[in-house]
Amino acid sequence: MKKITIIGTGYVGLVTGAGISEFGHDVTCVDINKDKIKKLNLGKIPIYEPELETLVKRNKSKDRLKFSSDIIKAIKTAEIIFIAVGTPQGENNDSDLTAVENVAKLIGENLNKYKIICTKSTVPVGTGKKIENIIKLASSSILFDYVSNPEFLREGAAVKDFLIPDRIVIGSRSKKAFEIMQEVYRPLYLNETPIVSTSIETAEMIKYASNAFLALKISYINEIANLCDLVGADVNVVSKAMGQDGRISSKFLHPGPGFGGSCFPKDTIALANAGKQNNFRMNTVEAAIKTNNEQKLRMVSKLKLLLNNNLKNKTITVLGLAFKPETNDIRDAAAAIIIPKLIESGAIINTYDPVAMENFKLLKLNINYFNNWQDASRDADALILLTEWNEFRGIDLLELKLLLKTPIVLDTKNILSIKKLKSLEFNYDNVGRKTVN
Ligand code: UGA
């Protein structure tokens, strides 16, 4: 059993803390946001993430998981400290490392015995060295080892991804640190989860290379889908058959309104930027970003086309505000880009999302929120679906037709039955399946 402190209780920090306590370690999660800690101590989870509440409750009740705002004490008592604070996009497209650097300084100032300092936050290649130097400068001569241990969890499936990962990446210069980290992940190691032992820089690069590759895959299938629209092919069949080739795999080949979230948009920009800083163009990554930006605008054009290029005073129902299902996160969500464009063109927006409406309201857009898809659709001139929530998959299209003023639907997630839309004489469009029978 290791004594572990996690600094930062955002998505990564909270899931990591809960997950590692589930492995049997003694974990303290700390944050400068006292209100958040207070709520966590009352059992209130600040994010919508399936299974997280159960995991937190279970480990809290067994006293393996604690929440505290006493960061200094948590630093001093820990054998291993995980840095899991945010690295938002800063100026010049670089990651803003202020929070990480502040934490590193605080750790250095309070280093009282040998510890492992491990970064979970996504940080540009080379940051590990910087963090090490900050800690060294701020501390006396007490030894520590630095580890890069990037996280690959997906929002909405974060608990499962943490407890059953495809691989664990541990970047370190020290054999001792690697062995201690192996102990942290002992239950996974026993389950034969691959553990990649590598250098700090390589570990940092693995994270960016993985995220950017997935983003590239999405932009690629979106381009194929757009071409399918133009030549009369069915992107669903194309991506299924592509995926049957083991070298390609069927994952992340679902077309849509473009990727969003807190990771892909930011990480692809940061990777392309890292290339530029090294006088090297990351052509594929830059293209994936461009395609993604255009894809969101393409959805606006598609909707306009369905409405004879006139959105003025048209009521548009937008279903789905979250950047993907099973999360209330709206960061870089398609809705956050598309809705303002529709408003600019004179549209009135009625919307519904099962969990993301409260977050969306913070954007202070002048739109109407409803408690279900039926109320949001009543008397609207058209509907655009942006997030593939399960409850939208089950929409009764006859009921929808009766609710809408005009039966016009743009399904950007390709989840509605084309056969039914056709038989009910909807005027519809989707992404790459326009001419499917
Ligand atoms: C992503 C990665 O999948 C995780 O492995 C990684 O750990 C995480 O970023 C991170 O860096 O923290 P996440 O952003 O939670 O996870 O969500 P994804 O499931 O990857 O989806 C990202 C976006 O791509 C969403 O907007 C989603 O709708 C879109 N997407 C995904 C597609 O348009 N098509 C697909 O086939 C898959």
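The following exchange concerns a predicted model of a protein chain with a bound ligand.

Biologist: What radius of gyration does the chain have, set against that of a compact globule with 437 residues?
Modeller: The C-alpha atoms fill a box of roughly 75 × 50 × 40 Å along the principal axes. For a compact globule of 437 residues one would expect a radius of gyration near 22 Å, and the value for the chain agrees with this, at 24 Å.

Biologist: How many helices and strands does the chain have, and what percentage of the residues is buried?
Modeller: The secondary structure of the chain comes to 19 helices and 14 strands. With buried taken as under 20% relative accessible area, the buried part of the 437 residues amounts to 53%.

Biologist: Which residues come nearest to the ligand?
Modeller: The shell around the ligand holds 19 residues, and by class these divide into nine nonpolar, three polar and seven charged residues. Within that shell, the residues that come nearest are Phe152, Leu153, Glu155, Lys207 and Asn211.

Biologist: Which residues place a polar backbone atom 2.8 Å from a nitrogen atom of the ligand and 3.0 Å from an oxygen atom of the ligand, and how much of the ligand's accessible area does the protein cover?
Modeller: A polar backbone atom of His254 lies 2.8 Å from a ligand nitrogen atom, while Phe323 brings a polar backbone atom to 3.0 Å from a ligand oxygen atom. Phe152 also takes part through its backbone, with an N or O atom 2.9 Å from an oxygen atom of the ligand. On its own the ligand has 700 Å² of accessible area, and the share covered by the protein is 92%.

Biologist: Which element gives the most residues to the shell around the ligand?
Modeller: The shell draws at least three residues from each of domain 1 (3-198) and domain 2 (211-429). The elements that contribute two or more residues are helix H10 (200-231) and helix H12 (264-277). With three residues in the shell, the element that gives the most is H10.

Biologist: Is Glu183 buried, partly exposed or exposed, and how far apart in space are Glu183 and Gly246?
Modeller: Glu183 has its place in helix H8, which spans residues 175-184. Its relative accessible area is 37%, and because buried means under 20% and exposed over 50%, Glu183 counts as partly exposed. In sequence, Glu183 and Gly246 are 63 residues apart, and in space their C-alpha atoms are separated by 33 Å.

Technical notes:
Residues are numbered from 1 along each chain as its sequence is written. This is a predicted model: local features need pLDDT of at least 70, side-chain atom pairs count only at pLDDT 80 or more; totals for chains, interfaces and linings use all residues. Side-chain values use heavy atoms; hydrogens and water are left out. A residue is near a molecule or strand if one of its heavy atoms lies within 4 Å of it. A polar contact is a pair of N or O atoms within 3.5 Å; within protein, one must be able to donate a hydrogen and the other to accept it, and residues adjacent in sequence count only if both atoms are side-chain atoms. Accessible areas come from the Shrake-Rupley method with a 1.4 Å probe; for residues, only the protein chains shown count as cover. Helices (H or I, at least four residues) and strands (E, at least two) are DSSP runs, numbered from the N terminus. Ala, Val, Leu, Ile, Met, Phe, Trp, Tyr, Cys and Pro count as nonpolar, Asp, Glu, Lys and Arg as charged, and the others, Gly among them, as polar. Domain bounds come from an automatic or database domain assignment. The radius of gyration is taken over C-alpha atoms; the globule rule is 2.2 Å times the number of residues to the power 0.38. Buried means under 20% relative accessible area, exposed over 50%, partly exposed in between (1.4 Å probe, protein chains only).
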